[in-house]
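User: Please take me through the terms used for this protein, and show how each one follows from its definition.

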Amino acid sequence: MTPSLQSDHCEEVIPMPTEVTSTLSPLGNKRVKQKVGAVCTFIKENKDKWFYICCHDNPDPDAISSAMGMLRIVNFLGVEDAEIVYCGEISHPQNRAMQNVLTIPIKRWKQVEANVPDGSVFIFVDCASRSQRNMSIPHEPDMAIDHHKISTPKGLLLVHDETGSCATLVTDLMLSLPAIKAEGEDAEDILCFDPSLDGMTEIVTALAVGIKTDTIDFRSETTTDYDFQAYKILTRFMSDERFMKIINYELPPYMFECEEIAWHNKKLNAPNFITGLRFVEPTKSDCIPYLADKYMRLQGIQTVVVFGIVGNTIRASVRTNSASLDCEELCNDIFGEGNGGAKQGVGGANVELSIFSPDDMTDEMKEKFWEITVATIERKFDRATQK
Ligand SMILES: [Mn+2]
């Protein structure tokens, strides 16, 4: 008999994926598992306090989604008053798309600062201490969850492993929390990671975006099996439509305006490309890394530097896939030791202008200052690429 699409057994019951959630188990990361008890105890013991879940400055999808997951965790463990906070800007269009598409309850530190009760609890996500340059919330963490290479601060309740994203650790922690026994005979136990609950689709979708972007599509050398496993679970329950809206985020018009300036100001000497964007508003500064990535796709180009003056800082993005250049060295050679960093061909730098504040300059001075900046950076770029 040939198989036919039209089944003769119409009444046949197609087995539904029963109790999908009950089959979900933790990813099995030992470092997460070790901390589950301590995390539960700590949060439950403090559950009547205010909790602030703190993203680093300029939060990215990994930080934002980790914070959403942590918010679910603390609520699940009985905390009623909890807020996600950040300093700096959510300026990258993808991060803004994420915020809009998933309506994320995230507040600027400035908005809440004045009303923070004494003895509040601070949980850092995607970073573990204030010594890292990108954390401006002026409180020490009581707990942190992080995946970066760090030396463990003493006395801190820290969930840490060098996975490809913090979202992976948060997903594992959610999956690892013991269910809350339901009262009443027919009531079902409550799980922290229950995709059917209100608001979970948003959290799950965000975490999937966090893992995908922070691991650079699983190509980053820090990617682990745990990242794949977490992603596999999350993608089963996320909203495909909203996920795609964030991944293929809309570009604001200023990206195209900046692109025009950048193309006009370029100095193209294949395989090297450098361009300056002049004075860029802080809320638009994400055009710098965006354009650096884009010019790497230009035929024949191996090394790209895009820079601009943002507020009181020269900000630059550096890219190279040249076999003879080290991106970190290139950043240091052009922008000075300690002003930047790079890994795997992707780098950046921030040079503080200190007393040379463009805001205090006349238009004429600004013009001169820009000329000097361009001449200096281009000269250093030429030298560094011709070594
Ligand atoms: Mn991260």
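Analyst: The turns below deal with burial, then with a pair of helices, and then with the protein as a whole.

This is a predicted model, in which local features need pLDDT of at least 70 and side-chain atom pairs count only at pLDDT 80 or more, while totals for chains, interfaces and linings use all residues. Residues are numbered from 1 along each chain as its sequence is written.

User: Why is helix α5 described as largely enclosed by the rest of the structure?

Analyst: A residue is buried if 20 or more other C-beta atoms, placed from the backbone, lie within 10 Å of its own. In α5 (residues 166–176), 11 of the 11 residues are buried, so the helix is largely enclosed by the rest of the structure. Among them are C166, T168, D172 and S176.

User: What makes α2 and α6 a contacting pair, and how do they cross?

Analyst: Their axes, which are lines fitted to C-alpha atoms over the stretch in contact, come within 8 Å and cross at roughly 145 degrees, with angles running from 0 to 180 degrees between N-to-C directions. Two residues are in contact if their C-beta atoms lie within 7 Å, and the residues that make this contact include I64, M68 and R72 of α2 and I203, L207 and D214 of α6. The residues of the contact divide into 7 nonpolar, 5 polar and 3 charged.

User: What share of the protein counts as buried?

Analyst: Of its 387 residues, 38% count as buried. The protein has 12 helices and 12 strands, which are DSSP runs of at least four residues (H or I) and at least two (E) respectively.

How values were computed. A residue is buried if 20 or more other C-beta atoms lie within 10 Å of its own, exposed if 12 or fewer, and partly exposed in between; C-beta atoms are placed from the backbone. Ala, Val, Leu, Ile, Met, Phe, Trp, Tyr, Cys and Pro count as nonpolar, Asp, Glu, Lys and Arg as charged, and the others, Gly among them, as polar.
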